[in-house]
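Work through the exercises below with the sequence and the 3D view at hand. Try each task before reading its solution.

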Amino acid sequence: MYRERKGETTGNAWVEGVQMEPVDLHKTGCVCRIKGPEKGELRQSLTYEIRMHDSRLEVTATLEKGSAILELTGKVHWMELADETGSPSLCVQMHLAWTPEQFFGDGLIGLDRRMPEPLHDHCARNFLFAAGEKMGMALLTDNKYGYRGYADNLQVSLLRSSSGPDPYPELGQCRFRLGMCAAKSDGMTLKALGTAFTHWDLSYASNISHPVTLPLTYRFFEIHGVAQVGSVKRSQDGKATVLRLLEPCLKEGMVWVRFDGLQKAFIADLAEQPLKELCVKDETVRLLQKAGEIVTLLRYTTKS
C-alpha cells in the first residue's frame, strides 16, 4: 500500500507522478492463513488474508497443472480514506532477480517501450513485461488502472482513494485477478499470453466418454503470419465482416487469412471504404503487412 503525499494536484481522483511512501502489508498488516495449501491433481492453491486498519484483503494463489502462470485472485474490502497526509492506494509489486534495462507494456497496437519509472503509472491493456536477453518476466492482469516498472520490480495499481471531488469512490468490495510468469522477449508471444490470460476459459476435466457431432475445435477464420487480430465486427452497411489486423513486432512480413466461404476481400480505409481488391484462392487471401501497420480487411462470403 502507498500513501500519496498531499500536494497541489493530489486531491483529485486521477493523478500521476506524485511522491509515494510504500507500506508492505505482508510486514505491517495482520496476515493469517484461511485455507490450504491444497494439493490436487489438477490444481494447487493457498488462501490467506491481510488486515490493516478497517480494510481486508483476501488472496488466493493458484497454480494449474501444466500452466506456467502463477495466478493471484483477490477480494478487497477497502475502507481507506484520504486525509491531510495524503491518499492511500493499493498496488501489487513483483520482485525480480535482476534489474531490467527496459520494460514493455501492452499497447493498443503493439508493444510500448517503457523506461524505468518509479512514480508514474502508464496505461497498458493486459501486461507489463521486464525484458531480459532472451527471456523475461510478465505481470499479467485484467485490471486497467496502470503499470510501472523500475529497479528490480514490476507494479500494478489496483485501488486509490481520493479526497475530491468524491471522497468515497473506491470504498467497498473489489476483485482483481493477476498472473506472474516467465516468457520469451517476443511481441507475438507476449500479445498471445496477455490475451489468453484476460479472456480465460473455465478449467474442466471430463471423465465421461460420449458421442459428439461437432469437431473438437472450429474457427470461421484463421490467420498465419506476422499479424494479430485487433477487432472483428460487421460493416456499417451490414454486407461484410470487418477484420482489423495489427503488426505488433515492427517486422514486415506476409499474412494469410482464410475464411469459410470467402468470395471477395478488400483492403479498406478506416471508414470501411474499399481501396484494393485481394486475390482469393481456396477461401484464402495473402497480403504484405508493413512493420507496425494496421490493415482493415473487408470480407464477403456466401453468407454475407
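Strands here are DSSP runs of E, at least two residues long, numbered from the N terminus. By that rule N153 belongs to strand β13. The model is a predicted one.

**Exercise 1. Take stock of the chain.**
State how many helices and strands the protein chain has, and what share of its residues is buried.

Solution.
- Step 1: count the elements. The protein chain has two helices and 22 strands.
- Step 2: look at burial. Of its 304 residues, 41% count as buried.
- Step 3: look at the contacts with a separation of 6 or more. Residues 24 or more positions apart account for 60% of them.
- Step 4: turn to the surface. The chain exposes about 18000 Å², and carbon and sulfur atoms supply 54% of that area.

**Exercise 2. Place N153.**
Is N153 buried or exposed? Which residues does N153 touch beyond four places in sequence?

Solution.
- Step 1: find the strand. N153 sits in β13, which spans residues 153-160.
- Step 2: apply the cut-off. Buried means under 20% relative accessible area. N153 has 4%, so it is buried.
- Step 3: list the contacts. Leaving out residues up to four places away, N153 touches Q93, M94, H95, L96, F103 and R148.
- Step 4: check the side chain. The N153 side chain makes a polar contact with that of Q155, at 3.4 Å.

**Exercise 3. Pair β13 with its partner β7.**
In which sense do β7 and β13 pair, and over how many bridges?

Solution.
- Step 1: read the pairing. β7 and β13 are antiparallel, with seven bridges.
- Step 2: fix one position. S89 stands opposite R160 of β13.
- Step 3: examine cover on β7, residues 86-95. Eight of its 10 residues are buried.
- Step 4: keep the general pattern in mind. Side chains in a regular strand alternate between the two faces of the sheet.

**Exercise 4. Find the partners of β14.**
Which residue of β14 is the bridge partner of G74, and which stands opposite M135?

Solution.
- Step 1: start with β6, residues 70-78. Nine bridges join β6 to β14, and the two run antiparallel.
- Step 2: locate G74. Its bridge partner in β14 is F176.
- Step 3: go to β11, residues 135-141. β11 and β14 also pair in the antiparallel sense, over seven bridges.
- Step 4: locate M135. K184 of β14 stands opposite M135.

**Exercise 5. Map a nonpolar patch.**
Which residues make the nonpolar surface patch of about 350 Å²?

Solution.
- Step 1: name the members. They are M79, L81, Y168 and L171.
- Step 2: place one of them. Y168 lies in the loop between β13 and β14.

Key
Residues are numbered from 1 along each chain as its sequence is written. This is a predicted model: local features need pLDDT of at least 70, side-chain atom pairs count only at pLDDT 80 or more; totals for chains, interfaces and linings use all residues. Side-chain values use heavy atoms; hydrogens and water are left out. Buried means under 20% relative accessible area, exposed over 50%, partly exposed in between (1.4 Å probe, protein chains only). Helices (H or I, at least four residues) and strands (E, at least two) are DSSP runs, numbered from the N terminus. Two strands pair if DSSP finds at least two bridges between them. A polar contact is a pair of N or O atoms within 3.5 Å; within protein, one must be able to donate a hydrogen and the other to accept it, and residues adjacent in sequence count only if both atoms are side-chain atoms. Contact means heavy atoms within 4.5 Å. Patches are made of residues with over 30% relative accessible area and no salt bridge: like charges are joined within 9 Å, nonpolar side chains (Val, Leu, Ile, Met, Phe, Trp, Tyr) within 5 Å. Accessible areas come from the Shrake-Rupley method with a 1.4 Å probe; for residues, only the protein chains shown count as cover. A salt bridge is a side-chain nitrogen of Lys or Arg within 4 Å of a carboxyl oxygen of Asp or Glu.
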